Amino acid sequence: MSANEQHALLTFRLSDQYYALRIQHVLEVAAMVEYDKLANADEALLGIANRHGDPLPLLDMRAVFGMSAIAVDVNTPFIVVQTSGYPVGLVVDEVEQVRYVPLNAFRSARAGMYITHLVSTADQLFQLVDLDALLQQYVTPTQS
C-alpha cells in the first residue's frame, strides 16, 4: 500500500467526539425504526428491529463508550454494519460523511477496547472503531 492510497471511512458523532468506520463494513444508514427491547440484555443492546424480515440487533454506541443516554426517536440515525457475522445497527447521534483519508493519516492507538487507530485530517480527529471486537463483545451469533 502506498502512503497516498485513499481509505474510505464513514464518520459519525457521539456527543462532541468523532468516530469512523471502514466503509467496506457499512451496508446502509437509516433513521430509527420500531424495535423490541430484550429482557436482561446489556444496556448497550438497545433492542432488536425488523430489517427486511430479519432481526437486526441495535447497539447504542453512547452506552458502548460510557456516555450518558439521550432520547432515541424517529430522527435518531443508525448505521447498519456487517463484518463476518450478521448485520448490526449502530445507533449514533449524527452520521457525518464519507471521507477519503490517506494511509499516513492513520496512527495506531489502543484508546479503549474498541478503538484501533486515531485518524487525523486537516480539520478533524476521528477514532477508528474496531468492529470485530465490538460485535464479538455485544452480538455473538449462535450456531443452530
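**Two sheets, a core and a pocket**

Tyr18 in β2 is the bridge partner of Arg13. That pairing is a handy way into this structure, which is a predicted model. The two strands around it, β1 (residues 6-14) and β2 (residues 17-22), run antiparallel to each other and are joined over 6 bridges. Both belong to an open sheet of 6 strands with mixed pairing, and the order across that sheet is β9-β1-β2-β12-β11-β10. At its edges sit β9 (94-102) and β10 (106-108), each of which pairs on one side only. Going from one strand to the next, the twist averages 35 degrees.

There is another open sheet to look at. Here, too, 6 strands take part and the pairing is mixed, but the order reads β3-β7-β8-β6-β5-β4. The edge strands this time are β3 (26-31) and β4, again pairing on one side only. Further in, β5 and β6 pair in the antiparallel sense over 6 bridges, with Gly47 standing opposite Leu58 in β6. On to the next pairing: β6 and β8 pair in the parallel sense, over 3 bridges. Asp60 is found opposite Val91 of β8. How enclosed is β6 by the rest of the structure? Largely so, because 5 of its 7 residues are buried.

Next come the nonpolar residues. In soluble globular proteins, nonpolar side chains tend to be buried together. In this model, the largest nonpolar core is made of 25 residues, and the ones with the most contacts inside it are Leu21, Leu59, Val81, Leu90 and Leu134. Which elements give two or more residues to this core? The list is β1, β2, α1 (61-64), β7 (77-81), β8 (88-91) and α2 (131-138). Helix α2 provides the largest share, with 4 residues.

Leu21 is a good place to see how this core is put together. Setting aside neighbours within four places in sequence, the residues in contact with Leu21 include Ala8, Leu9, Leu10 and Phe12. Also on the list of Leu21 contacts are Val26, Ile79, Val81 and Leu90, along with Leu128, Val129 and Leu131. Two of these partners, Val81 and Leu90, are themselves named among the core residues with the most contacts.

Is Arg62, a residue of helix α1, buried or exposed? Arg62 has a relative accessible area of 8%, and buried means under 20%, so Arg62 counts as buried. What surrounds Arg62? Apart from neighbours within four places in sequence, Arg62 is in contact with Leu14, Ser15, Met67, Ser68, Ala69, Ile70 and Asp93.

The model also has pockets to consider, and the largest has a volume of about 180 Å³. Its lining is made up of Leu38, Leu45, Ile48, Arg51, Asp54, Pro55, Leu56, Pro57, Tyr86, Pro87 and Val139. Two elements, β5 (45-51) and β6 (54-60), give two or more residues to that lining. Strand β6 gives the most, with 4 residues. So β6 turns up again: this strand lines the largest pocket, and it pairs with β5 as well as with β8.

Finally, a couple of backbone angles stand out. Most residues other than glycine have a negative phi. Asn40 goes the other way, with a positive phi near 60 degrees. Asn40 lies in the loop between β4 (35-36) and β5, and its relative accessible area of 83% is over 50%, so Asn40 is exposed. His52 likewise has a positive phi, of about 55 degrees, without being a glycine. Where is His52? In the loop between β5 and β6. These strands form a hairpin with 2 residues between them, and that is the setting in which His52 takes its positive phi. With a relative accessible area of 68%, His52 is exposed.

Key: Residues are numbered from 1 along each chain as its sequence is written. This is a predicted model: local features need pLDDT of at least 70, side-chain atom pairs count only at pLDDT 80 or more; totals for chains, interfaces and linings use all residues. Side-chain values use heavy atoms; hydrogens and water are left out. Two strands pair if DSSP finds at least two bridges between them. Axes are lines fitted to C-alpha atoms, for helices over the stretch in contact, and angles run from 0 to 180 degrees between N-to-C directions. A nonpolar core is a set of buried Ala, Val, Leu, Ile, Met, Phe, Trp, Tyr and Cys residues joined through side-chain atoms within 4.5 Å. Buried means under 20% relative accessible area, exposed over 50%, partly exposed in between (1.4 Å probe, protein chains only). Contact means heavy atoms within 4.5 Å. On a 1 Å grid over the protein atoms alone, a cavity is a set of points where a 1.4 Å probe fits but cannot get out, and a pocket is an open set with protein on both sides within 12 Å along at least five of seven lines; lining residues have an atom within 4 Å of a point. Grid points are joined across faces, edges and corners, and a volume is the space filled by probe spheres set on the points.
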